[in-house]
Amino acid sequence: MIYTSNAFVLPLPSGHRFPMAKYARLAERVTRLAGPLMHVPDAATDAELLRAHDAGYVDAVSRGTLDERANRVANGLHALGIRKGDAVATLLPNVFEALEIMLGVLRSGAVLVPLSTLLRTPERCAQLEVAGVRHLIAASSFRGRDYQDE
């Protein structure tokens with residue numbers, strides 16, 4: 001079964017370069033090809049979100065504090081000298097703060113290069129080199145793995 005949803009909107013800044021039209025066309029093609037296999041779930045209720053996510057996450061998204069936090073990150077990156085078009089890599093676990101940071105990178109005009117915490121140092125280094133990354137935002141450790149020592 002294939003799942004799709006149009007029930008959420010990311011708080012993207014005006015003038016963003018996220019190719020929404022491209023993804024809309026892709027969704028149309030998948031819908032045409034999948035036909036009866038396509039299932040579009042209803043929008044999640046607050047109660048359902050609370051079962052799946054931390055209450056702080058739901059509060060931040062519903063009250064708009066995610067938007068404020070992402071703007072703070074973008075302003076902080078700008079203060080550090082990161083400019084539009086700079087490649088900024090992230091090496092972060094799947095936590096709410098990672099979402100704030102990634103949205104902040106995008107809002108700053110920088111190019112986001114998310115790295116997987118599952119990759120080892122040689123693979124990450126190759127990705128950093130290919131993408132021309134000069135800035136890295138990383139967790140110091142995750143699940144007992146110390147990224148500062150790698």
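Select helix α5 first: its 12 residues should span 16 Å at 1.5 Å a residue, and the 17 Å between its end C-alpha atoms agrees with that expectation. The model under inspection is a predicted one. Within α5, display the buried residues, which are Phe96, Ala98, Glu100, Ile101, Leu103, Gly104, Val105 and Arg107. Beyond the end of the helix, select Gly109, which follows α5 and has a positive phi, near 95°.

**From the helix to its core**

Next, select Leu77, Ile82, Val88, Leu92, Ala98, Ile101, Val105, Ala110 and Ala139; these 9 residues constitute the largest nonpolar core. Helix α5 supplies the largest share of this core, with 3 residues. Centre the view on Ile101 and, setting aside neighbours within four places in sequence, display its contacts: Val73, Thr90, Leu92 and Ile137. A second core, separate from the one just visited, has 7 residues, among them Ala87, Leu115, Leu128 and Val133. As background, nonpolar side chains in soluble globular proteins tend to be buried together.

**Strand β3**

Now select residues 87–91, the strand β3. How many residues of β3 are buried? The count is 5 of the 5, so the strand is largely enclosed by the rest of the structure. Colour the two faces separately: Ala87, Ala89 and Leu91 lie on one side, Val88 and Thr90 lie on the other, and all of these are buried, which leaves both faces of β3 covered. Follow the chain onward from β3 through α5 (residues 96–107) to β4; this β-α-β crossover is right-handed.

**The sheet around β3**

Extend the selection to the 3 strands of the open sheet, whose order is β4-β3-β5 and whose pairing is parallel. Strands β4 (111–115) and β5 (135–138) are at the edges; each has a single partner strand, so one side of each lacks a neighbour in the sheet. On average, neighbouring strands of this sheet are turned by 25° against each other, direction ignored.

Inspect the pairings in turn. Between β3 and β4, which run parallel, there are 5 bridges. Helix α6 (residues 121–131) packs on the sheet, where it touches β3 and β4, and its direction makes about 165° with that of β4. To locate individual bridges, select Ala87 with its partner in β4, Val111, and then Thr90 with its partner in β4, Pro114. On the other pairing, β3 and β5 are joined in the parallel sense over 4 bridges; here, select Ala89 and its bridge partner in β5, Leu136.

**Thr90 in detail**

Return to Thr90 in strand β3. Is this residue buried or exposed? Because its relative accessibility is 2%, Thr90 counts as buried. Apart from neighbours within four places in sequence, the residues in contact with Thr90 are Ile101, Met102, Leu112, Val113, Pro114, Leu115, Leu136 and Ile137. Pro114 in this list is also the bridge partner of Thr90 in β4.

**The whole chain**

Finally, zoom out to the complete protein chain, which has 6 helices and 7 strands. Traced along the sequence, these elements follow the pattern β-α-β-α-α-α-β-α-β-α-β-β-β. Colour by burial: 24% of the 150 residues count as buried. Among contacts between residues at least 6 apart in sequence, 75% join residues at least 24 apart.

Methods. Residues are numbered from 1 along each chain as its sequence is written. This is a predicted model: local features need pLDDT of at least 70, side-chain atom pairs count only at pLDDT 80 or more; totals for chains, interfaces and linings use all residues. Side-chain values use heavy atoms; hydrogens and water are left out. Buried means under 20% relative accessible area, exposed over 50%, partly exposed in between (1.4 Å probe, protein chains only). Contact means heavy atoms within 4.5 Å. Two strands pair if DSSP finds at least two bridges between them. Axes are lines fitted to C-alpha atoms, for helices over the stretch in contact, and angles run from 0 to 180 degrees between N-to-C directions. A crossover is right-handed if, with the strands pointing away from the viewer, the path from the first strand over the helix to the second runs clockwise. A nonpolar core is a set of buried Ala, Val, Leu, Ile, Met, Phe, Trp, Tyr and Cys residues joined through side-chain atoms within 4.5 Å. The expected span of a helix is 1.5 Å times one less than its number of residues.
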